[in-house]
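Hello,

Here is the structure I promised to pass on to you. Have a look at it first, and then read on for what turned up.

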Amino acid sequence: MQRILSLILGGGRGSRLYPLTKLRSKPAVPVAGKYRLIDIPISNCINSGCNRIYVLTQFLSVSLHRHISNTYKFDPFSQGFVEVLAAQQTNESADWYQGTADAVRQQIRHVLEDGAEDILILSGDQLYRMDFGTLLGTHRSYHADVTIAALPVTADHAPSCGILQVDQRGRVVGFVEKPQTPAQIEPLRTDPEWLEHHGIQHRGRHFLASMGIYVFSRKVLVELLNAPPLATDFGKEIFPRSIRTHRVQAHLFDGYWEDLGTIKAYHEANIALAGEEAPFHFYTPDGVIYTRMRNLPTARVGGATLRHCLISDGAYVHSGTNIERSVIGVRSRVGHNVTIRDTVIIGADRFETDAERQANRVRGLPDLGVGDGAMIQHAILDKECRVGRNVRIVNERGVKEEEGANYVIREGIVVVPRGAVIPDGTVI
């Protein structure tokens with residue numbers, strides 16, 4: 001594992017996660033109250049013994065860089081590091097990253113200087129736990145040039161994924177990025193008996209989806225990236241080409257995995273994490289998910305009713321409040337007699353002092369957090385939001401898509417952007 005270098009792709013503008021990505025890069029988006037998305041792949045790398053990690057990003061990377069520099073510090077004798085590689089103008093390129101493959105190509109000198117035998121490439125917006133040692137074991141035991149982690153999915157999920165077609169030994173013989181028609185999808189169907197033989201119950205999952213987790217032999221990666229015409233994307237170009245000229249192997253995975261690249265997926269995953277039977281745990285003997293250490297007090301709850309909730313450090317929930325199936329982030333302040341259901345409140349970066357609250361009230365500004373008597377359902381509140389008293393954020397009109405002055409609705413979910421102010425008595 002010491003001979004592997006990890007590259008985490010930070011993604012582009014993150015438009016599908018807007019407005020959560022309005023002021024931050026996608027890997028910096030908070031999740032589960034106190035973590036950030038980037039903590040997932042970095043923690044999986046550390047737990048697998050991969051401690052040389054680059055994070056490739058180009059949009060709004062300041063908060064991401066701050067989080068990484070404050071969180072991941074290695075013993076100087078371990079030679080480990082986590083560094084952000086932002087897009088920049090060089091003598092070779094003056095363009096933004098044009099895709100996943102182009103991002104790696106523009107930073108290829110770091111790969112060449114490292115001298116690692118294999119390169120692990122990961123996405124920065126997924127929630128899962130994996131021992132990359134088993135992935136690397138598959139890669140080396142089959143003497144593969146490229147290995148793709150694959151998850152069995154149903155036909156309903158196939159059009160949103162890159163789908164692999166494999167032979168009896170698990171070698172990839174076909175790859176289609178997001179197949180849309182039955183003519184494209186049906187040839188990619190995997191034999192259920194083959195899955196059962198490899199210890200996976202198919203349960204109607206007849207297709208193998210790429211998880212966005214790859215291992216390349218270093219020499220092969222450089223060769224494929226420089227082969228004309230220059231490819232910009234792994235799924236659309238590199239893999240369909242390489243299966244004809246190189247050995248591309250599938251590595252089967254059947255654990256929890258979710259892509260949090262859309263507002264709906266992000267909301268559903270967070271709410272599921274707050275459930276009694278949560279599908280994913282951030283602390284298990286199999287591997288801890290790490291994040292920034294904060295010197296915060298424990299959460300305080302004063303006479304409230306909580307059901308299936310995650311309450312983070314520094315939160316204060318006042319009396320008479322009812323919270324169900326929700327995530328309450330760090331330093332969140334929830335007033336008296338508030339009702340919150342199926343909602344993600346990301347929290348705040350600081351505590352507001354009594355003097356600040358008094359001065360803001362004179363100016364007509366609500367306090368940081370959620371004011372008394374508010375009702376919030378099926379929503380996401382980003383950091384530093386000020387929700388006034390008796391506000392109703394319930395999407396009463398049942399709108400699917402809309403942008404207002406201080407809110408955005410995506411797939412029926414109301415998202416209040418970072419720092420937005422919702423005056424007293426507002427109804428959304």
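**Salt bridges**

A search through the whole structure gives 25 salt bridges. Please keep in mind as you read that this is a predicted model. Three of the pairs are worth showing you one by one.

The side chains of E324 and R341 form a salt bridge, with 3.7 Å from N to O. E324 belongs to strand 17 and R341 to strand 19, so this pair ties together parts that are 17 residues apart in sequence. E324 counts as buried, at 14% relative accessibility, while R341 is partly exposed, with a relative accessible area of 25%. This pair also has company: a network of salt bridges links R307, E324, R325, R341 and D342.

Next come R386 and E352, whose side chains meet in a salt bridge at 2.8 Å, N to O. Here too the pair links distant parts of the chain, 34 residues apart. R386 sits in strand 22 (residues 386–387), and E352 is in the loop between strand 19 and helix 11 (354–362). R386 is buried, with a relative accessible area of 10%. E352 counts as buried as well, at 8% relative accessibility.

The third pair stays inside one helix. D354 and R357 are joined by a salt bridge of 2.3 Å, N to O. They are three residues apart in helix 11, and therefore separated by about one helical turn. As a reminder, an α-helix has 3.6 residues a turn, so residues three or four places apart point the same way. Is each partner buried or exposed? D354 counts as exposed, at 59% relative accessibility, whereas R357 counts as buried, at 10%.

**The cavity**

You will find one cavity of 30 Å³ or more in the structure. The largest cavity has a volume of about 40 Å³. Which residues line it? The lining consists of P30, V31, A32, G33, Y266, N270, V327, G329, V344, I345 and I346. By type, these residues divide into eight nonpolar, three polar and no charged.

Four elements each supply at least two residues of that lining: strand 2 (30–31), helix 10 (263–273), strand 17 (322–330) and strand 19 (339–347). Strand 19 provides the largest share, with three residues. You have met two of these strands already, since E324 in strand 17 and R341 in strand 19 are the salt-bridge partners described above.

**Aromatic pairs**

The count of aromatic pairs comes to 11. In one of them, Y35 and F282, the ring centres are 4.3 Å apart and the planes lie at 20°, so the pair is stacked. These two rings link distant parts of the chain, with Y35 in strand 3 (residues 35–36) and F282 in the loop between helix 10 and strand 14 (300–301), 247 residues apart. Both Y35 and F282 are buried.

Elsewhere, ring pairs connect F175, Y214, F216, F234 and F239 into a cluster.

**Helix 1 and two single residues**

Helix 1 (residues 39–47) is largely enclosed by the rest of the structure, because seven of its nine residues are buried. Those seven are D39, I40, P41, I42, S43, N44 and C45. After helix 1 comes G49, which has a positive phi, near 90°.

I185 is located in helix 6 (residues 182–185), and it is buried, with a relative accessible area of 11%. Leaving out residues up to four places away in sequence, I185 touches P159, P179, Q180 and F207. For a sense of scale, I185 and R109 are 76 residues apart in sequence and 38 Å apart in space, C-alpha to C-alpha.

H251 has its place in strand 12 (residues 248–252). H251 is buried too, with a relative accessible area of 9%. What does H251 contact beyond its neighbours within four places in sequence? Its contacts there are T134, L135, T138, T147, I148, A149 and A150.

I hope this helps you find your way around the model. Do write back with any questions.

Best wishes

Terms used. Residues numbered from 1 in each chain as written. Predicted model: local features only at pLDDT ≥ 70, side-chain atom pairs only at ≥ 80, totals over all residues. Heavy atoms only, no water. 1 Å grid on protein atoms, 1.4 Å probe; cavity = no way out; pocket = protein on both sides within 12 Å on 5 of 7 lines; lining within 4 Å. Points joined across faces, edges and corners; volume = space filled by probe spheres on them. Nonpolar A, V, L, I, M, F, W, Y, C, P; charged D, E, K, R; others polar. Salt bridge = Lys/Arg side-chain N within 4 Å of Asp/Glu carboxyl O. Buried < 20%, exposed > 50% of the residue type's maximum accessible area, 1.4 Å probe, protein only. Contact = heavy atoms within 4.5 Å. Phe/Tyr/Trp six-rings, centres within 6.5 Å; stacked < 30°, edge-to-face > 60°.
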